[in-house]
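Hi there,

Here is the structure I promised to pass on to you. Have a look at it first, and then read on for my notes on what turned up.

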Amino acid sequence: MSGRDLFCQPRRFGRGAALTLVFASVLVAGAATGALPGDGRRSASGQAREVSTGRAEEVTRAAEEAAAVGKSPLEAAERAVSRSGDRWAAVYSAGEYEEFEESLDGRYTGVGLWARRDAQGRIEVTEVRPGSPAAGAGIRAGDRLRSVDGHAVDGRPVTEVVSLLRGDATDAAAGTTVTLGLQRGTRAWRETLRRARLSTDSVTVRHATGGAVVIRISAFTKGVGDAVRSAVRAAPAGAGIVLDLRGNSGGLVAEATATASVFLDGGLVATYDMDGDQRALHADPGGDTDRPLVALVDGGTMSAAELLTGALQDRGRAVVVGSRTFGKGSVQMPSELPDGSVAELTVGHYRTPSGRAVDGTGITPDLEVTHGALERAETVLGGLGDDPS
């Protein structure tokens, strides 16, 4: 599993909810299909929406009762959510939720490094953003990250390491410092960096030696669908595409649907229920259906990334290579509390075009590969491009 210091996670709530971007942006796609209930609470896109579920009403009531007696609405909401058994629910302070919304816009506070945990539980830097504080300090891909502000990180989930880098526990702002313990070969040293406001490159493109174009999507932030479309249009004629979704923790469902539209000529992308009502997401017509396509996934492929993978697999548009995806197929919606904090609560689940449920099961690749997955994906792509005559 891999990650970077990008997305805000709830610092007071359980780690389960902290693993992923919530599926809240279904409200963006829902608005386009008339799928949403009427006005009311604030949404992740800044629009007012109402979560018409008993659980939302219960959490809101707990927060209102706490506010009436001078207690913390946020803490009361956390207790109510904890009792609900909602695995993916989360409670954000107003500031945390603002950070969350900014992350979906492609902005975040951090030091600009990507990391992964290896088989031995060690945290390795996989990429450093040019011009970032990490790059300025000379940190390189391949360096081992041993500690963050004195906290040893070996064996920790990457999401926890990301939280330390961002300073979520203290709502750390740009300009605050973080001290990293690093190792390169036999050299061990400490580096103190100042966090900065950074923008994301959620889509990166490279040309493989065999002629394939590898399009990596790290998260579905705003503009990803257009960026993928541009990358496909710019690809050499006849070149196959490897769509690398490894470590993609989700994001805006509207952008995942837009990305599906790049490769599909209309048709169903997913169905989802919300408060018991069945809804559907459809691709736009006119996508490129001719180029060979392989989707590369792993256990860090989650939520909206699983929605896209399931659509491409079920529609016969892509061969899916890698390891089983995470299995986060639930739909959350935001509910604003009296003090401006926000509770994200599960209101439904989505299914792939063939009706497969994803939540708790994930998506099984057509070809399961654990080591050398990208190389295998490129090999598969080459076979898809072979002329059968």
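Let me start with one residue pair: Gln-332 sits opposite Thr-346 of strand β21. Please keep in mind throughout that this is a predicted model.

**Strand β21 and its partners**

The pair belongs to a longer ladder, in which strand β20 (residues 330-336) and β21 run antiparallel and are joined by 7 bridges. The two strands form a hairpin with 5 residues between them, and there Gly-340 takes a positive phi near 90°.

β21 has other partners too. Strand β4 (residues 90-92) pairs with β21 in the antiparallel sense, over 3 bridges, and Tyr-92 has Val-342 as its bridge partner. Strand β16 (residues 268-274) also runs antiparallel to β21, with 2 bridges joining them; here Thr-271 is opposite Arg-351. As for burial, β21 (residues 342-351) has 8 of its 10 residues buried, so the strand is largely enclosed by the rest of the structure.

If you'd like a reminder while you look at these ladders, strands of a sheet pair through backbone hydrogen bonds, either parallel or antiparallel.

**A six-stranded sheet with a helix across it**

Next, find the open sheet of 6 strands, which has mixed pairing and the order β13-β14-β15-β18-β19-β22. β13 (203-207) and β22 (367-368) are at its edges; each has a single partner strand, so one side of each is left without a neighbour in the sheet. For β22, a pairing with strand β19 (residues 319-322) is parallel and spans 2 bridges, with Val-321 opposite Leu-367 of β22.

Helix α11 (residues 373-384) lies across this set of strands: β13, β14 (213-217), β15 (241-244), β18 (293-297), β19 and β22. The helix runs at about 165° to β18.

**Helices α9 and α10**

How do α9 and α10 sit relative to each other? The axes of helix α9 (residues 253-263) and helix α10 (residues 304-314) come within 9 Å and cross at roughly 25°. Since angles under 35 degrees count as roughly parallel, that makes α9 roughly parallel to α10. Their crossing is right-handed.

On the α9 side, the residues in contact are Val-253, Ala-256, Thr-259, Ala-260 and Phe-263, and they meet Ala-304, Leu-307, Leu-308 and Leu-312 of α10. By type, the contact residues divide into 8 nonpolar and 1 polar, with no charged ones. When you trace the spacing along the helices, it helps to recall that an α-helix has 3.6 residues a turn, so residues three or four places apart point the same way.

α10 itself is mostly covered, with 10 of its 11 residues buried. Among them are Ala-305, Glu-306, Thr-309, Gly-310, Ala-311 and Gln-313, and the contact residues Ala-304, Leu-307, Leu-308 and Leu-312 are on the buried list as well.

The backbone on either side of α10 is worth a look. Ser-303 lies in the loop between β18 and α10. Its phi is near 55°, a positive value in a residue other than glycine, and Ser-303 is buried, with a relative accessible area of 0%. After α10 comes Gly-316, whose phi is also positive, near 70°.

**Helices α3 and α4**

A second helix pair is made by α3 (residues 54-68) and α4 (residues 73-84), which pack at an angle of about 145° with their axes 8 Å apart. This crossing is right-handed. Arg-55, Val-59, Ala-62, Ala-63, Ala-66 and Ala-67 of α3 meet Pro-73, Ala-76, Ala-77, Ala-80, Val-81 and Ser-84 of α4. The contact residues divide into 10 nonpolar, 1 polar and 1 charged.

**One more loop**

Asp-149 is in the loop between β8 (144-148) and β9 (151-152). Its phi is positive, about 50°, although Asp-149 is not a glycine. With a relative accessibility of 41%, Asp-149 counts as partly exposed.

**The chain as a whole**

Stepping back, the protein chain has 11 helices and 22 strands. Of its 389 residues, 53% are buried. Among the contacts with a separation of 6 or more, 68% are between residues 24 or more positions apart.

Happy to go through any of this with you.

Best wishes

How values were computed:
Residues are numbered from 1 along each chain as its sequence is written. This is a predicted model: local features need pLDDT of at least 70, side-chain atom pairs count only at pLDDT 80 or more; totals for chains, interfaces and linings use all residues. Side-chain values use heavy atoms; hydrogens and water are left out. Two strands pair if DSSP finds at least two bridges between them. Helices (H or I, at least four residues) and strands (E, at least two) are DSSP runs, numbered from the N terminus. Contact means heavy atoms within 4.5 Å. Axes are lines fitted to C-alpha atoms, for helices over the stretch in contact, and angles run from 0 to 180 degrees between N-to-C directions. Angles under 35 degrees count as roughly parallel, over 145 as roughly antiparallel, 65 to 115 as roughly perpendicular and the rest as oblique. A crossing is left-handed if the near helix is turned anticlockwise from the far one by less than a right angle, and right-handed if clockwise. Ala, Val, Leu, Ile, Met, Phe, Trp, Tyr, Cys and Pro count as nonpolar, Asp, Glu, Lys and Arg as charged, and the others, Gly among them, as polar. Buried means under 20% relative accessible area, exposed over 50%, partly exposed in between (1.4 Å probe, protein chains only).
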